[in-house]
Amino acid sequence: MASPPPRTILILFGPPGAGKGTHAPKIVARLGIPQLSTGDMLRAAVAEGTPTGKQAQEVMKSGGLVSDELVVNIIKDRIGFLDCKKGFILDGFPRTVAQASMLDALLRETGDKVRLVIELSIPDSVLTERICGRWIHKGSGRSYHVKFAPPLSLKTGSVASPETMLDDLTHEPLMQRADDTEEALKKRLLSYHSETVPILGHYKKSSSGCVKRVEANQSSDDVWYKIEDEILPLATSPRNIMILVGPPGAGKGTHGPKISTMLCIPQLSTGDMLRAAVDAGTPVGKEASSVMKAGGLVSDELVVNIIKDRITDKDCRGGFILDGFPRTLLQAKKLDALLTQSGEKVNSVIVFSVPDAVLTERICGRWIHKPSGRSYHVKFVKPKSLKDGETPSAQSMLDDLTGEPLIQRADDTEAALTKRLKGYHEETIPVLAHYDSSQVDANQQPQEVWKAIESLLRPADTRGGRRSRKMSWHEGEGSDRPKARTFLQKLGCCCGSD
């Protein structure tokens with residue numbers, strides 16, 4: 001039986017505030033492997049009552065420090081679970097050269113080794129502002145900053161507090177770490193430079209070329225593109241190419257941005273792509289502009305060419321989400337032909353199911369933030385600017401993040417909805433038979449709809465829990481192990497520490 005391919009084992013290094021909490025979930029999404037924090041693994045082992053967890057609990061109860069040997073044994077247990085079959089990312093370990101040597105010995109037992117070490121480099125002088133303004137979602141490890149990366153809940157001029165700092169996906173309160181202070185930072189940086197930095201020298205000597213330095217004192221996007229350049233050779237999964245399907249008012253505008261955030265891939269609207277191509281004056285954009293100026297309709301071929309241009313951009317290297325295309329079976333086939341050129345295909349279709357009778361109230365009360373596509377409703381998802389009893393208007397309906405006025409689409413009327421639903425049922429529904437699709441009951445509270453979507457995005461081998469069972473290293477493709485989907489590990493398991 002053929003040996004399994006080598007696992008992708010990556011270590012992320014950087015001082016506190018360098019951006020590990022920001023970029024680690026993106027690496028997880030791009031490589032389809034979990035991020036492992038020693039603190040989380042230790043707490044889980046204790047909570048689950050594993051032999052190693054019980055041993056660690058006894059040590060902590062007696063006031064002792066958990067030894068390196070115990071930590072390595074906890075890692076050994078954790079990386080034997082099925083979600084680590086393709087590999088894993090270590091964050092927070094090793095912290096010393098001695099721990100690095102122990103990790104190397106552990107990995108050699110299974111013929112593995114660290115394949116990539118990413119160092120996020122940033123001057124100490126920059127870190128104080130980053131650290132002291134940082135807030136974290138404890139459940140997922142998502143990291144925010146009051147200045148550089150504020151959550152949607154923090155209004156301009158508002159004071160950061162547990163009431164104003166809420167996670168974008170769950171709306172749960174964020175927290176500040178007790179050691180995210182200027183005084184504590186000095187001690188942590190001293191420890192980082194004296195103990196952790198020498199580990200880079202260890203891996204430079206032991207694994208030729210596996211240490212890659214990324215300048216982290218630049219824009220978040222630029223940092224990510226540099227990281228992505230280094231991890232792309234390790235990516236074994238195809239791009240995540242998803243289609244969102246649903247009638248007007250089903251909730252694609254509400255949940256699409258969350259899916260985009262969770263999978264770290266952009267949501268692409270054909271309308272937005274068309275406008276951007278025209279504004280940019282690309283060859284395809286000029287052709288589309290000429291057609292529209294002449295009063296014609298942009299052909300399917302032109303739309304597909306606009307998509308072809310857009311999905312070559314850097315932000316689509318991990319995949320993309322199509323919203324609003326394909327609308328017909330013919331368009332679906334043209335999309336398939338386009339993707340076939342690069343050996344790709346649509347690997348997920350999520351269908352938002354809502355009875356027609358429910359949609360009128362949803363559509364007629366909908367307001368949209370045009371630049372971002374964020375969707376609001378006067379009753380179900382009100383912007384914070386709309387006070388109780390106030391009449392919805394351009395003055396009272398403002399985007400939560402930017403404070404800019406929202407708009408109502410010209411075709412968000414009951415008469416227009418009837419025509420749009422007719423077109424949806426006659427033309428778009430047949431597309432679903434063309435692809436394997438997953439239905440989501442969108443006729444419920446937004447939080448429940450999101451839970452249903454999240455369960456679809458979670459890899460098959462982690463559904464029903466953080467990890468399903470131990471794996472055998474001799475399991476082949478013909479075994480009965482669950483087939484992992486190529487989506488991001490659920491962000492709830494990405495509890496890294498910066």
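Four short exercises on the helices and sheets of this predicted model follow, each with a worked solution.

The model is predicted: local features need pLDDT of at least 70, side-chain atom pairs count only at pLDDT 80 or more, and totals for chains, interfaces and linings use all residues. Residues are numbered from 1 along each chain as its sequence is written, and side-chain values use heavy atoms, with hydrogens and water left out.

**Exercise 1.** Find the buried residues of helix α6 (residues 124–132) and say where they point.

*Solution.*
- Step 1. Take helices (H or I, at least four residues) and strands (E, at least two) as DSSP runs, numbered from the N terminus.
- Step 2. Apply the burial cut-off: under 20% relative accessible area, with a 1.4 Å probe and protein chains only.
- Step 3. Leu 127, Arg 130 and Ile 131 are the buried residues of α6.
- Step 4. Look down the axis of α6: the buried residues fall within an arc of 90° (taken from the directions from the helix axis to the C-beta atoms), so they line one face of the helix.
- Step 5. Their packing partners are β5 (134–136), β6 (143–145) and α7 (182–206).

**Exercise 2.** Lay out the open sheet that contains β2 and β7, and place helix α8 on it.

*Solution.*
- Step 1. Count two strands as paired if DSSP finds at least two bridges between them.
- Step 2. The order is β2-β3-β1-β4-β7, with parallel pairing.
- Step 3. β2 (35–37) and β7 (211–215) are the edge strands, each pairing on one side only.
- Step 4. β4 (residues 116–121) and β7 share five bridges. Ile 118 stands opposite Lys 212 in β7.
- Step 5. Helix α8 (residues 220–231) lies across β1 (8–13), β4 and β7, at about 165° to β4. Axes are lines fitted to C-alpha atoms, for helices over the stretch in contact; angles run from 0 to 180 degrees between N-to-C directions.

**Exercise 3.** Give the strand order of the sheet that holds β8, and identify its edges.

*Solution.*
- Step 1. The five strands run β9-β10-β8-β11-β14 in an open, parallel sheet.
- Step 2. β9 (267–269) and β14 (438–441) each have a single partner strand, so one side of each lacks a neighbour in the sheet.
- Step 3. The twist averages 25° from one strand to the next.

**Exercise 4.** Describe how α9 (residues 252–263) packs on α16 (residues 446–457).

*Solution.*
- Step 1. The packing angle is about 35°, and the axes lie 11 Å apart.
- Step 2. Collect contacts (heavy atoms within 4.5 Å). Among them, Ile 259 and Met 262 belong to α9, while Trp 450 and Ile 453 belong to α16.
- Step 3. α16 also lies across β8, β11 and β14, running at about 160° to β14.

How values were computed:
Buried means under 20% relative accessible area, exposed over 50%, partly exposed in between (1.4 Å probe, protein chains only).
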